[in-house]
Amino acid sequence: MITRLFLKLTDYALFRRLLWKPIYEVLAKKFTVKNWSFMNYGYAPLPQEPALSLAPADEINRYPIGLYHYLAGKINLEGWDVLEVGSGRGGGAAYLKKYLRPAKVMGVDIALQAVKRANQYFGAGGLGFVQGSAERLPFAPGSFDAVINVESSHTYGSVPQFLSEVQRVLRKGGYLLLADIRVAKDMALLREQLRACGLQLVSEENISPNVAMAIEQEEPVKQQRIKEHVPSWLQGVFKEFSGVVGSQAHSQLKSGELVYYRFVLRK
């Protein structure tokens, strides 16, 4: 009942703007484990896809990293200036810089505590993080060759305003790489917004089965982290929020009520 009410309230832009920032501020402040630096549901490759080669220290985040890899691997980021909007705890931007060799990666996030944590853990060598809104990006026009946005746009008050900002900060020929989750009717709306934003839609793909598999395969790691780092009285709510097996997010991805898409757009 609480979950349904919560999801219903997030239909309203004002509620989204008021809600998500304090949630992510608290998460960044309270959960300080460095290797718990991703907040997405992950991506599990199909059997015919090549296995992702990771350093031993990164294995614990294989499935969340897999989502970044599958999305960002659609283009060659080597030598580019890249912006991640909704960079959270910084793990995704750090993966991009370490493995895909862009010249620079800048992360922007609405939560100041998340920005501080990301800079503390990863901010060096062409990788940095600043506080800012996705609907008012703190960068000059034409600053980036690519913008990446992972499981974040559903929290924004205005997706069209975010897309307008992306178009502004991208250089000509630059790319937007976006992956996110929605109920089916809202995904249809997102697809309309992407087609109307002035960027060319290069490709799109429903990756819901891969995300559901990732949730299932990451389950032992996720449950152990929650057991060790989340107070017992909060664990039930946190399991729903983080999407464990049997949570509403997992169940609805399996049933098709929720869908997860990735998109590539070009300016």
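These legends describe four close-up views of a predicted model.

**View 1. Helix 8 packs across helix 11.**
Helix 8 spans residues 208-217, and helix 11 spans residues 248-255. Two packed helices are described by the angle between their axes and the distance between the axes. Here the axes come within 9 Å and cross at roughly 140 degrees. The crossing of helix 8 with helix 11 is left-handed. Helix 8 contributes Ser 208, Val 211, Ala 212, Ile 215 and Glu 216. Helix 11 answers with His 250, Leu 253 and Lys 254. By class, the contact has four nonpolar, two polar and two charged residues.

**View 2. Asp 109 sits in strand 2.**
Strand 2 covers residues 104-109. Is Asp 109 buried or exposed? Asp 109 counts as buried because its relative accessibility is 8%, and the cut-off for buried is under 20%. A polar atom of the Asp 109 side chain lies 3.3 Å from the backbone nitrogen of Ser 87. Asp 109 also touches Gly 86 and Gly 88. Further contacts of Asp 109 include Ala 114, Val 115, Val 130, Gln 131 and Gly 132. Residues up to four places away in sequence are not counted in these contacts.

**View 3. Helix 6 has a buried side and a capped end.**
Helix 6 runs over residues 159-169. Its buried residues are Val 159, Phe 162, Leu 163, Glu 165, Val 166 and Val 169. These residues lie on the same side of helix 6, because they cover an arc of only 160 degrees around the axis. An α-helix has 3.6 residues a turn, so residues three or four places apart point the same way. What do the buried residues of helix 6 pack against? Their partners are strand 1 (81-85), strand 4 (144-150), strand 5 (170-183) and helix 7 (184-195). At the N-terminal end, Ser 158 caps helix 6. A side-chain oxygen of Ser 158 lies 3.1 Å from the backbone nitrogen of Gln 161.

**View 4. Helix 9 has buried residues on one side and exposed residues on the other.**
Helix 9 takes in residues 219-229. Which residues of helix 9 are buried? They are Glu 219, Lys 222, Arg 225 and Ile 226. Their arc around the axis is only 135 degrees, so they sit on the same side of helix 9. The cover over these buried residues includes helix 8 and helix 10 (235-242). Pro 220, Lys 227 and Glu 228 are exposed on the other side of helix 9.

Note on methods. Residues are numbered from 1 along each chain as its sequence is written. This is a predicted model: local features need pLDDT of at least 70, side-chain atom pairs count only at pLDDT 80 or more; totals for chains, interfaces and linings use all residues. Side-chain values use heavy atoms; hydrogens and water are left out. Axes are lines fitted to C-alpha atoms, for helices over the stretch in contact, and angles run from 0 to 180 degrees between N-to-C directions. Helices (H or I, at least four residues) and strands (E, at least two) are DSSP runs, numbered from the N terminus. A crossing is left-handed if the near helix is turned anticlockwise from the far one by less than a right angle, and right-handed if clockwise. Contact means heavy atoms within 4.5 Å. Ala, Val, Leu, Ile, Met, Phe, Trp, Tyr, Cys and Pro count as nonpolar, Asp, Glu, Lys and Arg as charged, and the others, Gly among them, as polar. Buried means under 20% relative accessible area, exposed over 50%, partly exposed in between (1.4 Å probe, protein chains only). A polar contact is a pair of N or O atoms within 3.5 Å; within protein, one must be able to donate a hydrogen and the other to accept it, and residues adjacent in sequence count only if both atoms are side-chain atoms. The arc is that of the directions from the helix axis to the C-beta atoms.
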